[in-house]
Amino acid sequence: MTILAWGIAWLLDYWLGDPQNWPHPVRWMGNLINGLQRVIRQYCKSDRALKIGGGVLWLVVVGSTWGVSWGVLHLANLVHPWLGWLVEVWMIYTVLAARCLSDAALEVYRALKNGTLEQSREKLSWIVGRDTSQLERPQITRAVVETVAENSVDGVIAPLFFLMIGGAPLAMAYKAINTLDSMVGYKTQKYRAIGFVSAKLDDAANFIPARLSWLLLAIAAFCLRANHRQALRIGWRDRYQHSSPNCAWPEATVAGALGIRLGGPNTYFGERVEKPWIGDEQRGIALEDIPRTISLMMLASLLALLLFAALRTLALGIA
């Protein structure tokens, strides 16, 4: 029943994504983070105090997310096993973001193809943290490809990895870790201190999933007749070409599979950040690289589901 719940949740994400008007735990997590952050900033003024406050923020958000998820799932199972199963499916569905990521990327793709440059920049600003106001079409396309590649880890592969280890409550806790990093884990003056713990622990949580993405995306490239050998080679060669210990793994693998170059300097919140280039520029980046990257991400997410479900089944069989 548990493995069946995984498959149905994956299909729900594939078919439905994240409808805007539906309740979603990430929005609740975001409200909690914003509220606690305001309280912490009222009492913590120095960088050292903000780092400690950021640690408390992490413990409260992640701990309460796991606790509430476990409690709700436990109570639902006490009422009826089928209710517990439905709650499990819903929780897993909400931690997966492949369709949401795909839809957001295709919004930019359609704007680039049929709309104006201003529309493309605006839609891109919804999914990236960098300044999009001065980007040209190739830079916008590159940003979308990078975002889809990078978020294949925290949007799908990592949630499924933690689902395998600790079930739906741990997958929900991972989602809280990732949400914290998305909201406060920036290296800007405003967030450098309060987001320090969130950023470091998000790196730790994604350490194994990011490295698995290298193999999963390369296998996806083989299945889709992209350059899988180059995906493996560039993915390994450029795996550290990023300030994050994890982001370059999927980005470099996708860059190798498509034969393009990603990365380079960007502007975040008004501050220019120098970033190394990733991949070899065998050709200029093309608009169609966006749907190609989406296909790689979606297939890698399915491969992750099958891999982790098989490992979970094997572990239960041995136990």
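**Reading rings and charges in a predicted model**

Tutor: Let's start with confidence, since this is a predicted model. Among the elements of the protein, helix 9 (residues 207-223) has the highest mean pLDDT, 98, and strand 2 (residues 266-268) the lowest, 62.

Student: What should I keep in mind where pLDDT is low?

Tutor: There, the predicted coordinates should not be read in detail. For the protein, the mean pLDDT is 93, and 97% of its residues reach 70 or more.

Student: Why are the rings of Trp-28 and Trp-90 called a tilted pair?

Tutor: Their centres are 6.4 Å apart, and the limit for pairing is 6.5 Å. The planes stand at 40 degrees, whereas stacked needs under 30 and edge-to-face over 60, so the pair is tilted. Trp-28 belongs to helix 2 (residues 25-43) and Trp-90 to helix 4 (residues 81-95), 62 residues apart, and the pair links distant parts of the chain.

Student: What makes Phe-161 and Phe-162 an edge-to-face pair?

Tutor: Their planes make an angle of 85 degrees, with 5.3 Å from centre to centre. An angle over 60 counts as edge-to-face, and the centres lie within 6.5 Å, so both conditions are met. Ring pairs also link these two with Tyr-174 and Phe-308 into a cluster.

Student: Are Phe-161 and Phe-162 buried or exposed?

Tutor: Buried: Phe-161 has 10% relative accessibility and Phe-162 has 14%, and buried means under 20%.

Student: Why is Trp-90 called partly exposed?

Tutor: Its relative accessibility is 32%. Partly exposed lies between the 20% and 50% limits, so Trp-90 fits that class.

Student: On to charges: how do you know that Arg-233 and Asp-280 form a salt bridge?

Tutor: Their N to O distance is 4.0 Å, and the rule asks for within 4 Å. Arg-233 is in helix 10 (residues 228-237), while Asp-280 is in the loop between strand 4 (277-278) and helix 12 (289-318).

Student: What joins Arg-233, Arg-237, Asp-238 and Asp-280 into one network?

Tutor: Salt bridges that share partners do. Asp-280 also meets Arg-237 at 2.9 Å, N to O, and Arg-237 forms a salt bridge with Asp-238, with the closest N and O atoms 2.9 Å apart.

Student: Why does Asp-238 count as buried but Arg-237 as partly exposed?

Tutor: Asp-238 has a relative accessible area of 6%, under the 20% limit, so Asp-238 is buried. Arg-237 has 39%, between 20% and 50%, so Arg-237 is partly exposed.

Methods
Residues are numbered from 1 along each chain as its sequence is written. This is a predicted model: local features need pLDDT of at least 70, side-chain atom pairs count only at pLDDT 80 or more; totals for chains, interfaces and linings use all residues. Side-chain values use heavy atoms; hydrogens and water are left out. pLDDT is the predictor's confidence in each residue, from 0 to 100. Helices (H or I, at least four residues) and strands (E, at least two) are DSSP runs, numbered from the N terminus. Rings of Phe, Tyr and Trp (its six-membered ring) pair if their centres lie within 6.5 Å; planes under 30 degrees apart count as stacked, over 60 as edge-to-face and the rest as tilted. Buried means under 20% relative accessible area, exposed over 50%, partly exposed in between (1.4 Å probe, protein chains only). A salt bridge is a side-chain nitrogen of Lys or Arg within 4 Å of a carboxyl oxygen of Asp or Glu.
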